[in-house]
Amino acid sequence: MELSPLAKEKLAKIGDLSPAEKERLKVSEKLTQLLADYFTKRIDVNSLWLELKKCKEEGHESIVRETQIRLLNAITLTSNQADFEHCRNALLGCETLKERSSYPDLEHGLKNLESLRLQYQQEKEKAFNTIKRSIQQQVEMAARQVLRQSNNRNISIDVDGSVEATARTNPQWRTFLVEHDRIYGQKFDELVTRIKRLL
């Protein structure tokens, strides 16, 4: 297969890397593998910390901050609690490897991030349940009507499933979701930016 001119150009540039750039690339690839092992739970936070300490002692000072940035970028508004804690523990562990640590400030920033995530999820759940309650009565009435009109007594109607499906396609829910995600997404991004300044 013939390579495109752009691919050929990129391949040619790889050969032009300086020894320092090649070393940075090697360290970055090692970090990618380390974090893959951490996220898939092949290694725990202590093993990650020991590997990062070793890299730092070998003169790769920037690996600690790069690790923290990647961990922070892995946190989303919709992350579950276990995933959030997995990232938080590693972020705080990395902070202990620094000469000038901002541990208390970082811990505070991550607590704020966790509170925001929980608030986002609770408000979303509350709004969805409100919409479901408003639809429940309509679906139950429709189900009773179908059963009355049907001569087949073996019909079963999944009222809860119908309520759930109807609520998810409800225009009011979709409008809420768009606005909710926009507001919280903005707050989340601002908080992540503030945390990154501490790293």
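How many helices and how many strands are there in the protein? Let's work through that and a few more exercises.

A note before you start: this is a predicted model, where local features need pLDDT of at least 70, side-chain atom pairs count only at pLDDT 80 or more, and totals for chains, interfaces and linings use all residues. Residues are numbered from 1 along each chain as its sequence is written, and side-chain values use heavy atoms, with hydrogens and water left out.

**Exercise 1. Count the elements and put them in order.**

Step 1: Helices (H or I, at least four residues) and strands (E, at least two) are DSSP runs, numbered from the N terminus. The count comes to eight helices and zero strands.

Step 2: Walking from the N terminus, you get α-α-α-α-α-α-α-α.

**Exercise 2. Work out what share of the protein is buried.**

Step 1: Buried means under 20% relative accessible area, exposed over 50%, and partly exposed in between (1.4 Å probe, protein chains only).

Step 2: With that cut-off, 31% of the 199 residues are buried.

**Exercise 3. Find the largest nonpolar core and see who builds it.**

Step 1: A nonpolar core is a set of buried Ala, Val, Leu, Ile, Met, Phe, Trp, Tyr and Cys residues joined through side-chain atoms within 4.5 Å.

Step 2: The largest one has 32 residues, and Leu52, Leu72, Ile75, Leu110 and Leu113 have the most contacts inside it.

Step 3: At least two residues each come from α2 (19-39), α3 (45-57), α4 (63-73), α5 (81-95), α6 (103-149) and α8 (171-198). The largest share, six residues, is from α5.

Step 4: Zoom in on Leu110. Contact means heavy atoms within 4.5 Å. Skipping neighbours within four places in sequence, Leu110 is in contact with Leu72, Phe84, Arg88, Leu91, Leu92 and Ile195.

Step 5: Don't stop there, as a second, separate core of eight residues includes Ala127, Val139, Val163 and Trp173.

**Exercise 4. Describe how α3 packs on α4 and on α5.**

Step 1: Axes are lines fitted to C-alpha atoms, for helices over the stretch in contact, and angles run from 0 to 180 degrees between N-to-C directions.

Step 2: For α3 and α4, the angle is about 145° and the axes are 9 Å apart. On the α3 side you'll find Leu52, Cys55 and Lys56, which meet Ile63, Val64 and Thr67 of α4.

Step 3: For α3 and α5, the axes come within 10 Å and cross at roughly 35°. Here Val45, Leu48, Trp49 and Leu52 of α3 touch Asn89, Ala90, Gly93 and Cys94 of α5.

Step 4: Sort the residues by class. Ala, Val, Leu, Ile, Met, Phe, Trp, Tyr, Cys and Pro count as nonpolar, Asp, Glu, Lys and Arg as charged, and the others, Gly among them, as polar. The α3 and α5 contact then has six nonpolar, two polar and no charged residues.

**Exercise 5. Decide whether two loop residues are buried or exposed.**

Step 1: His60 sits in the loop between α3 and α4. His60 counts as buried because its relative accessible area is 17%. Not counting residues up to four places away in sequence, His60 touches Glu23, Val27 and Cys55.

Step 2: Lys41 is in the loop between α2 and α3. Lys41 counts as exposed because its relative accessible area is 57%.

Step 3: Check the backbone too. Most residues other than glycine have a negative phi. Phi of Lys41, however, is positive, near 60°.
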